[in-house]
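Colleague: I'm new to reading protein models, so could you walk me through this one? I'll ask, and you explain how you get to each answer.

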Amino acid sequence: MSETTDVVTPTARDGAVPAPPLAPVAERAAPPAVLAAPPADLGLTWRPLTVDDAADLTALVQLVEEADGQPFRTSTEEVVEELSAQWRDLPRDTLVGLDGTGAMRAWAQVDTAPGDTNLVRAFVSGGVHPLWRGRGVGRALVAWLEGRARQVLAASGKDVPARIAAYLEDSAPASARVYEAAGFTPIRYYTEMRRSLRADLPDVPAIDGVRVVPWSPELDDAVRLAHNAAFADHWGSEPRTAEQWRANRAMFAPAWSVVALTDDDEVVGYATSGRYEHDWEVAGYSSGYTELLGVRREWRGRGVAVALLAAVMRAYAADGVEYAELGVDTANPSGAHGLYARLGYEVVHSSTMWSIEL
């Protein structure tokens with residue numbers, strides 16, 4: 001039995017029968033030897049994406065978001081950043097379908113997380129232009145995504161549990177039906193919450209031995225390590241490498257981000273924020289988005305999370321923003337959902353992780 005299996009499965013001393021050791025990930029993933037593009041009779045020609053496609057891809061993504069009633073829009077900056085990640089293999093992990101005029105009508109991409117240790121994951125995403133739906137393009141893309149994800153997992157060499165995962169917005173049930181038909185099942189549920197900043201804001205509580213300070217570049221890697229520690233007991237969370245941590249920061253708002261430090265300058269908590277101004281017109285209000293909030297286990301229950309949230313709320317409000325927003329795993333073991341509700345946050349949107357577990 002592998003060391004990882006010993007950690008994550010019951011032992012005979014627990015009164016349970018130990019799980020059998022995992023087969024190698026390359027065997028469990030059962031990757032296709034050859035992965036063909038979707039069939040030509042769908043009316044599209046296929047090629048990989050490049051960073052130079054960012055503007056056209058953004059336009060397609062936004063059309064899909066509008067058609068699906070999403071309360072947000074993806075920006076070109078976010079697409080560029082996503083396609084530019086150093087660990088991405090765009091020629092093998094992405095696909096775009098072009099019509100006879102060369103216009104983008106569908107796309108698909110597979111991503112992974114280099115820091116995965118106890119669970120290796122392949123994240124799949126994509127979409128189809130609203131006018132090209134109902135022709136089988138979506139089904140073909142999901143089949144390609146699953147095949148490429150299996151190849152990525154097999155090539156990882158990480159003989160730990162594996163997952164192919166898709167995050168799907170609940171306001172677009174047609175997407176869920178396509179993934180369900182391909183063998184994906186819902187495994188985790190998430191909600192987006194918001195709180196008006198026009199209402200009275202909570203005070204930043206005084207905590208013995210802890211002070212809340214602005215985020216700074218000098219603290220950033222210590223915040224990353226604190227994040228890895230704080231989320232070690234969260235479902236599906238894996239450590240982030242320094243490279244991963246610095247990625248996806250196109251909308252990062254340093255002035256709206258704070259860190260909880262002890263008297264010895266140890267990072268025990270943090271709240272990092274994003275400023276998504278391109279979403280404000282669609283949403284109908286301005287907002288600050290709390291991207292990450294975490295407190296080391298040994299410091300929970302002392303009001304650190306409240307202090308961090310109160311601090312970022314006040315930072316948002318000081319800039320004239322109308323709402324504070326954040327996302328939460330509904331089964332978060334820290335009780336975060338209840339904490340946010342007590343602070344006045346209300347659910348406004350939801351999404352689901354669909355997966356194939358290997």
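**Salt bridges and their surroundings**

Modeller: Let's start with one residue: Arg133 has a relative accessible area of 35%, so Arg133 is partly exposed. Keep in mind that this is a predicted model.

Colleague: Okay, and which residue does Arg133 form a salt bridge with?

Modeller: Look for a carboxyl oxygen by the side chain of Arg133. The closest N and O atoms of the pair are 3.0 Å apart, and a salt bridge needs them within 4 Å. The partner is Asp68.

Colleague: How many residues apart in sequence are the parts that this pair ties together?

Modeller: Arg133 sits in the loop between strand S4 (120-128) and helix H6 (137-156), while Asp68 sits in the loop between helix H3 (54-67) and helix H4 (76-84). Those are separate parts of the chain, so the pair ties together parts whose distance in sequence is 65 residues.

Colleague: Is Asp68 buried or exposed?

Modeller: Buried means under 20% relative accessible area. Asp68 has 15%, so the word for Asp68 is buried.

Colleague: Which helix holds both Glu146 and Arg150?

Modeller: These two form a salt bridge, with the closest N and O atoms 3.0 Å apart. They are four residues apart, about one turn of the helix. Glu146 is buried because its relative accessibility is 17%, and Arg150 is buried because its value is 16%. The helix you want is H6.

Colleague: What is the N to O distance in the salt bridge of Asp220 and Arg249?

Modeller: Here the two side chains meet from distant parts of the chain, 29 residues apart. Asp220 is in helix H8 (residues 220-230), and Arg249 is in the loop between helix H9 (242-246) and strand S8 (258-262). The N to O distance is 2.8 Å.

Colleague: Which of those two is buried and which is partly exposed?

Modeller: Check each one against the 20% cut-off for buried. Asp220 has 9% relative accessibility, so Asp220 counts as buried. Arg249 has 22%, so the partly exposed one is Arg249.

Colleague: Which residues do salt bridges that share partners join into one network?

Modeller: When salt bridges share partners, you can follow them from residue to residue as one network. The names here are Arg275, Glu277 and Asp319.

Colleague: And how many salt bridges does the count come to?

Modeller: The pair of Arg133 and Asp68 is one salt bridge, and the pair of Glu146 and Arg150 is another. By the 4 Å rule, the count comes to 17.

Colleague: Moving on, what is the length of the polar contact between the side chains of Asp99 and Thr101?

Modeller: First find Asp99 in the loop between strand S2 (94-98) and strand S3 (104-112). Asp99 counts as buried because its relative accessibility is 12%. Asp99 also touches Gly43, Leu44, Arg105 and Trp132, leaving out residues up to four places away in sequence. The polar contact with Thr101 is 2.7 Å.

Colleague: Gln244 next: which residue's backbone nitrogen lies 2.7 Å from a polar atom of its side chain?

Modeller: Gln244 is in helix H9, and at 11% relative accessible area Gln244 is buried. Beyond residues up to four places away in sequence, Gln244 touches Trp87, Ala113, Pro114, Gly115 and Pro239. The one whose backbone nitrogen lies at that distance is Gly115.

Colleague: What is the phi of Ala30 near?

Modeller: Most residues other than glycine have a negative phi. Ala30, in the loop between helix H2 (25-29) and strand S1 (45-47), has a positive value instead. Its phi is near 45 degrees.

Colleague: Is Asn248, with its positive phi, buried or exposed?

Modeller: Asn248 lies in the loop between H9 and S8, and its phi is near 55 degrees. Exposed means over 50% relative accessible area. Asn248 has 56%, so Asn248 counts as exposed.

Colleague: Last one: which residues lie nearest the centre of the second largest pocket?

Modeller: That pocket has a volume of about 290 Å³. Its lining divides into seven nonpolar, five polar and three charged residues. Of the 15 lining residues, those nearest the centre are Asn118, His234, Gly236, Ser237 and Glu238.

Key. Residues numbered from 1 in each chain as written. Predicted model: local features only at pLDDT ≥ 70, side-chain atom pairs only at ≥ 80, totals over all residues. Heavy atoms only, no water. 1 Å grid on protein atoms, 1.4 Å probe; cavity = no way out; pocket = protein on both sides within 12 Å on 5 of 7 lines; lining within 4 Å. Points joined across faces, edges and corners; volume = space filled by probe spheres on them. Nonpolar A, V, L, I, M, F, W, Y, C, P; charged D, E, K, R; others polar. Buried < 20%, exposed > 50% of the residue type's maximum accessible area, 1.4 Å probe, protein only. Contact = heavy atoms within 4.5 Å. Polar contact = N/O pair within 3.5 Å; in protein donor to acceptor, adjacent residues only side chain to side chain.
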